[in-house]
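Dear colleague,

Please find below the sequence and structure that I am handing over to you. My findings follow directly after them.

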Number of protein chains: 2
Amino acid sequence: MARPNRPLLTRERIIAAALDLVDGHGVDALSMRRLAERLGVRAASLYNHVSTKEDLLRGIADLVMRQVDVSGFTTGDWRAALATWARSYRTVLAAHPNVVPFMVNGPGRLEIALSRADAVHGGLTRAGWPPRHATMIGAAVKYLVVGAALGSFAGGFSDDAQVYADRYPNLSQAHLLRERQVEIDEGGFELALTALLSGLEALYAEVGRPA
Amino acid sequence: MARPNRPLLTRERIIAAALDLVDGHGVDALSMRRLAERLGVRAASLYNHVSTKEDLLRGIADLVMRQVDVSGFTTGDWRAALATWARSYRTVLAAHPNVVPFMVNGPGRLEIALSRADAVHGGLTRAGWPPRHATMIGAAVKYLVVGAALGSFAGGFSDDAQVYADRYPNLSQAHLLRERQVEIDEGGFELALTALLSGLEALYAEVGRPA
DNA sequence: ACCTGAACACCGTTCAAGT
DNA sequence: ACCTGAACACCGTTCAAGT
């Protein structure tokens with residue numbers, strides 16, 4: 001079949017399948033040929049909907065990124081908005097750990113990332129933070145979230161292959177290890193976030209100009 | 001020349017050249033063939049000194065990681081040691097931004113990374129922090145550092161290619177942008193680090209058991 | 001408009017053959 | 001012991017050819 005009446009592919013279907021592949025088997029498992037096979041199609045066909053593999057990766061990053069909740073910045077006070085954003089951001093990344101590495105060093109900025117950053121910046125400045133501080137606060141929270149997401153990723157991969165596959169053929173040990181990793185990841189993240197928020201509270205008393 | 005009297009290659013020379021290549025042209029520019037060409041040798045020759053490309057990447061990560069200063073934990077108090085470690089860690093990563101992505105999600109833990117983590121953990125527990133807190137503090141600082149290093153990386157890559165190459169053929173604008181990025185990166189990092197340290201100070205009063 | 005086979009220039013890695 | 005050419009199974013991407 002050279003051309004079906006209804007297209008076999010759409011950009012959305014391709015991106016969703018690619019994310020599924022990356023989530024399940026890591027970035028290295030994502031090749032255009034392998035992805036095409038999953039979609040019952042040939043590699044060349046993908047290029048009718050996606051201009052390049054980089055474009056595809058950008059699509060994945062975009063799909064993940066738009067799940068982050070920045071709604072707090074349009075309504076609530078900056079403390080709650082910041083906390084909600086940070087936790088939502090982290091939760092979303094933790095759900096797609098294999099995506100984090102290329103999402104963060106991605107080629108050029110995503111529009112969606114820019115719009116998220118604008119929401120944060122806008123919310124903070126409206127709350128009375130000087131623009132310069134707003135920028136740095138956004139940066140600080142992003143560092144923490146991204147670092148935590150990557151840390152979790154690394155942790156998940158660490159001893160899994162050797163300890164579990166070679167020496168402990170049953171799941172229970174690896175499972176316990178992973179559970180502990182999650183606890184440490186979240187504990188470390190919450191520790192830093194709480195400290196950051198209370199540090200900001202003190203700073204706000206100095207430089208903030210409430211409306 | 002099939003076999004010279006003195007070997008043309010050593011593992012160290014290969015890794016140093018690879019780091020140089022990655023620093024200068026990014027991870028994507030690192031291929032075994034390209035690296036071999038730089039070393040005046042054929043790709044297959046590299047496999048006499050390096051078991052795999054993954055092994056090579058691990059070597060690079062190791063080379064970078066051992067520059068991080070954790071000496072404070074054996075001598076000074078935990079506050080100073082933590083601050084020195086965090087800033088040194090960040091400075092080292094910032095000097096090799098292209099290395100950060102694969103250093104952090106690297107395949108399995110590096111020995112050097114483990115020894116660094118042990119130094120931190122030991123220093124903190126000797127200072128009276130409960131082990132559980134020591135682990136989370138180490139995690140929190142690592143998140144912040146890694147996130148900041150990646151953020152800087154992303155920032156450096158953002159508008160450079162388009163703005164600078166296409167529309168501003170002279171260096172000045174891009175240079176200014178980069179300078180500003182560095183300032184924001186460092187400001188955001190210091191903001192979060194300071195907040196974290198003072199947050200820890202408060203926590204230490206609760207759970208710390210000074211020797 | 002959209003799918004395809006074939007081709008291009010690349011990969012990482014192996015291995016017998018050289019010295 | 002260490003470097004090499006040739007080969008393997010893979011890549012991303014292009015493009016004329018099909019409908």
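In this predicted model, B:Leu35 touches B:Ile14, B:Ala17, B:Ala18 and B:Leu21, as well as B:Leu30, B:Leu46 and B:Leu56, when residues up to four places away in sequence are not counted. B:Leu35 also belongs to the largest nonpolar core, which has 137 residues. Within that core, the residues that touch the most other members are Leu35, Ile60 and Leu82 of chain A together with B:Leu35, B:Ile60 and B:Leu82. In soluble globular proteins, nonpolar side chains tend to be buried together.

Turning to the helices of chain B, the axes of helix 1 (residues 11-25) and helix 3 (residues 53-65) come within 9 Å and cross at roughly 80°. Helix 1 of chain B is therefore roughly perpendicular to helix 3 of chain B. On the side of helix 1, the contact involves B:Arg11, B:Ile14, B:Ile15, B:Ala18, B:Leu19 and B:Val22. Helix 3 contributes B:Asp55, B:Leu56, B:Gly59, B:Ile60, B:Leu63 and B:Val64. Sorted by class, this contact comprises 9 nonpolar, 1 polar and 2 charged residues.

As to the arrangement of the chains, a turn of 180° and a shift of 0.1 Å along the axis lay chain B on chain A with an RMSD of 0.0 Å. The two copies are thus related as by a two-fold rotation axis. Among the residues of chain B, B:Gly147 comes closest to the rotation axis, its C-alpha lying at 2.0 Å. Of the interface residues of chain B, 100% are also interface residues in chain A, so the copies meet through the same surface.

Yours sincerely

How values were computed. Residues numbered from 1 in each chain as written. Chains lettered and ligands numbered in written order. Predicted model: local features only at pLDDT ≥ 70, side-chain atom pairs only at ≥ 80, totals over all residues. Heavy atoms only, no water. Least-squares fit on C-alpha atoms with pLDDT ≥ 70 in both. Contact = heavy atoms within 4.5 Å. Core = buried A, V, L, I, M, F, W, Y, C linked by side-chain atoms within 4.5 Å. Buried < 20%, exposed > 50% of the residue type's maximum accessible area, 1.4 Å probe, protein only. Axes fitted to C-alpha atoms, helices over the stretch in contact; angles between N-to-C directions. Helix = DSSP H or I, 4+ residues; strand = E, 2+ residues; numbered from the N terminus. Parallel < 35°, antiparallel > 145°, perpendicular 65-115°, else oblique. Nonpolar A, V, L, I, M, F, W, Y, C, P; charged D, E, K, R; others polar.
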